[in-house]
Amino acid sequence: MPTSSLGYWCSIAAHQYFARLQEKLAHLDITHWFYVLLTIEEAEGKLSQQELADRLNLDKVAMTRALDHLGEKGYVERCDCEGDRRKYLIKLTPKARPAVKAIRKAYEELNEEAMKGLKKADRTVFLEQLMMTVKNLRGENPPAVVTTKRVNA
């Protein structure tokens, strides 16, 4: 066990988090890309596919794969963008609304479960430090292309 590897422990935590998330959302007919639906909802359908990929740090291939999957299941649709014929806006379908609510609830419950035993102030510090770690690893160069091998929780 490489106790000195931050990557190792982040990977273990991500895999366990994702497995628990899948358990909580087993009633949905999708098994991943949950956070994509939340991001689309938060943007209120105003993001293009590229803007969504940029916001989620996903490459074009992964973003296309995610939207194709979610579209086939009836959760998202690509809509024409007024004023730009080359651009499509990504919007949630009516089927997605209850799923998004369930996903948001599952994240809240899982975050509570994952941080059980930590005081509220410690949770805030933990999240701030985790985000700083991510920022530090990005460096000043363009972000590395994220592969689909990452956990898609």
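Start with the whole protein chain in cartoon view: you should find six helices and two strands. This is a predicted model, so keep that in mind as you click around. Follow the ribbon along the sequence and the order reads α-α-α-α-β-β-α-α.

Now switch on the C-alpha atoms alone. Along the principal axes, they fill a box of roughly 50 × 40 × 30 Å.

Next, show the surface. The protein chain exposes about 10,500 Å², with carbon and sulfur atoms supplying 55% of that area. Of the 153 residues, 31% are buried. If you colour the charges, you'll have 25 positive and 21 negative ones to look at, and the mean positions of the two sets are 1 Å apart.

Time for the rings. The structure holds three aromatic pairs. Select Y8 and W9 for one of them: the ring centres are 5.0 Å apart and the planes sit at 80°, over the 60 degrees that counts as edge-to-face, so that is what this pair is. Y8 is partly exposed, at 28% relative accessibility, and W9 is partly exposed too, at 37%.

Then select Y17 and Y107. Here the centres are 6.4 Å apart and the planes are at 25°, so this pair is stacked. Zoom out a little and see what the pair links: Y17 belongs to helix α1 (residues 6-24) and Y107 to helix α5 (residues 96-114), distant parts of the chain 90 residues apart. Both Y17 and Y107 are buried.

To finish, bring back the whole chain and turn on contacts. Among those between residues at least 6 apart in sequence, 58% join residues at least 24 apart.

Terms used: Residues numbered from 1 in each chain as written. Predicted model: local features only at pLDDT ≥ 70, side-chain atom pairs only at ≥ 80, totals over all residues. Heavy atoms only, no water. Helix = DSSP H or I, 4+ residues; strand = E, 2+ residues; numbered from the N terminus. Buried < 20%, exposed > 50% of the residue type's maximum accessible area, 1.4 Å probe, protein only. Contact = heavy atoms within 4.5 Å. Areas by Shrake-Rupley, 256 points an atom, 1.4 Å probe, with all protein chains shown as cover. Lys, Arg positive; Asp, Glu negative; His and termini not counted. Charge placed at Lys NZ, Arg CZ, Asp CG, Glu CD. Phe/Tyr/Trp six-rings, centres within 6.5 Å; stacked < 30°, edge-to-face > 60°.
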